[in-house]
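Reader: I would like a close look at a single part of this protein. Please take one helix and go through it slowly, then show me how charged side chains pair in the rest of the chain.

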Amino acid sequence: MRAARPVLALVVALQLVAETALTPYWPRLLRDLFGIADLSATGTYLAVCRTAGLLALPLWGLAARRWPLPHLIVAGLLGSAVFDLALALAPSFPAFAALSAGSVATGSSMVLAYPALVAVADRGRPGDRLSGVIVYAAVFHAAAVLATPVGAGVLALPEPRLGLAAFAVADVALAVGVWRAVTGRRPAEAPAVPAAVPGPAGEDAAGPAPDGGVPRRRLRAGALAAVAAVAVLVDLGIAVPRPFFTELVLRGGGSLTAAAVLFLLPALAALAVLPVARPLSRWSGPRLLPGSALVAGAGLALQAVGALSGAGSLPALATGRVVFGLGLGLLAVAVDVRVFAAVGTAGPGFAAVETARSGALLAAPVLATTAAAAALPGPLVVATALLVAVAALATLRSVATAAAPPNAPGAAVPSAVPGAPTPAVLVPTPVPEVRDEPIP
């Protein structure tokens, strides 16, 4: 069913809006709802939510091996609806934090929609995995643009709890849409992962080592760890400035409207640069990752300088936000291409990397709170350092040459050697939940 792809994209978009709409407004919202003015409460709240997501993600990955992905998406959305409705009625901050953790845990099921989108791109145009990554990046940043005014609208309501309840309605509506458009299909008989066709000698799909000893998959272990480390640092660098950015603008004399506009500028800039991501990727190759990290870091540094300058800082902040967004759009594409090249689009590898990235986000509120306690521009300075570290790490050979799985798009296929065992061949098998045509 061809509607599967837009429905999956819609799932990603709406879930991102629901999860990120209030990200820049938590200090203000907690103050309005519970009278809590201490900035450490925001850090504690975000840490609780991140912990819930970290614990839930591996469980959803295990569940996906037993139940169809659309069923898990529907279950996650319905669970989120229950928790979001309860959030609107939470009587205290501890109850609010606990219910938010439940909402994040159920919403973690949406992560599994991303590799499905990339797998569809792999099958639609062989070797065009980049297009799936760019589509996701476009959906992600478009959702960020939409989420910012949605969050500001919730905060501007006379009773913000009504806005929280509206998220529950959206969850139910989306669950119904997924159930009707995706799950009403015949169960697939094919596996949801690439099938390994062994050679005559029965080698592992990773293929034998050049010397007949350690398989290539083991030889890539260092490269996989390095790529995961890059992804972790990128997520930290992006997440650390977010919780206190609105507070930074407000204390600098800006309005809530100005803060909302400044907050969404990077997403707009990222969307603007995505059309050139493909030619830039072809031209620059592995240099795209460190180069985009340095551009994004420069944007963060400009924001920090503007914030420290005091009066008249809004133009400097706006310039820094745009430069940061330009780097961010390319950086997100470059990182995810490296991740998928290393772990593929199915199996435990992707879930493992995402769990590591979720664990990194658990540290982001702690870093942000510590830095903001010293000075509100502090998180921007910390994030700049993190992205400079990304640029440095990305130049290492283990990251720059992280190989794609054998016979995957862009991977070299070993030539036949007389008398040598025939290497395994990876036969792409459509993901049952998102395929367009039945498997013969």
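Author: What follows goes through one helix, then a neighbour of that helix, and then the salt bridges. The model is a predicted one. The protein chain has 18 helices and two strands, and 52% of its 440 residues count as buried.

The helix to look at is α12, which runs over residues 256–273. At 1.5 Å a residue, its 18 residues should span 26 Å, and the end C-alpha atoms are 27 Å apart, so the expected and the computed span agree. The helix does bend, by about 30° at Leu265. A proline, Pro266, follows within four residues of that point.

Both Leu265 and Pro266 are among the buried residues of α12. The list also includes Ala259, Ala260, Leu262, Phe263 and Leu264 before the bend, and Ala267, Ala269, Ala270 and Val273 after it. The cover over these buried residues includes α7 (129–156), α11 (245–251), α13 (277–284) and α15 (314–343).

One of the covering helices, α11, holds a salt bridge of its own. Side chains of opposite charge can pair when their charged atoms come close. Here the side chains of Arg251 and Glu247 meet, at 3.3 Å from N to O. Both residues lie in α11, four residues apart, which is about one turn of the helix. Arg251 has a relative accessible area of 55%, over the 50% cut-off, and is therefore exposed. Glu247 has 8%, which is under 20%, so Glu247 is buried.

In the whole structure there are five salt bridges. Another one joins Arg357 and Asp235, with the closest N and O atoms 2.8 Å apart. Arg357 lies in helix α16 (residues 348–374) and Asp235 in helix α10 (residues 221–239), so this pair ties together parts that are 122 residues apart in sequence. Arg357 and Asp235 are both buried. They also belong to a network of salt bridges that includes Asp336.

A further salt bridge is found between Arg161 and Glu159, at 4.0 Å from N to O. Arg161 counts as buried because its relative accessibility, 19%, is under 20%. Glu159, at 36%, counts as partly exposed.

Terms used
Residues are numbered from 1 along each chain as its sequence is written. This is a predicted model: local features need pLDDT of at least 70, side-chain atom pairs count only at pLDDT 80 or more; totals for chains, interfaces and linings use all residues. Side-chain values use heavy atoms; hydrogens and water are left out. The expected span of a helix is 1.5 Å times one less than its number of residues. The bend at a residue is the angle between axes fitted to the seven residues ending there and the seven starting there. Buried means under 20% relative accessible area, exposed over 50%, partly exposed in between (1.4 Å probe, protein chains only). Contact means heavy atoms within 4.5 Å.
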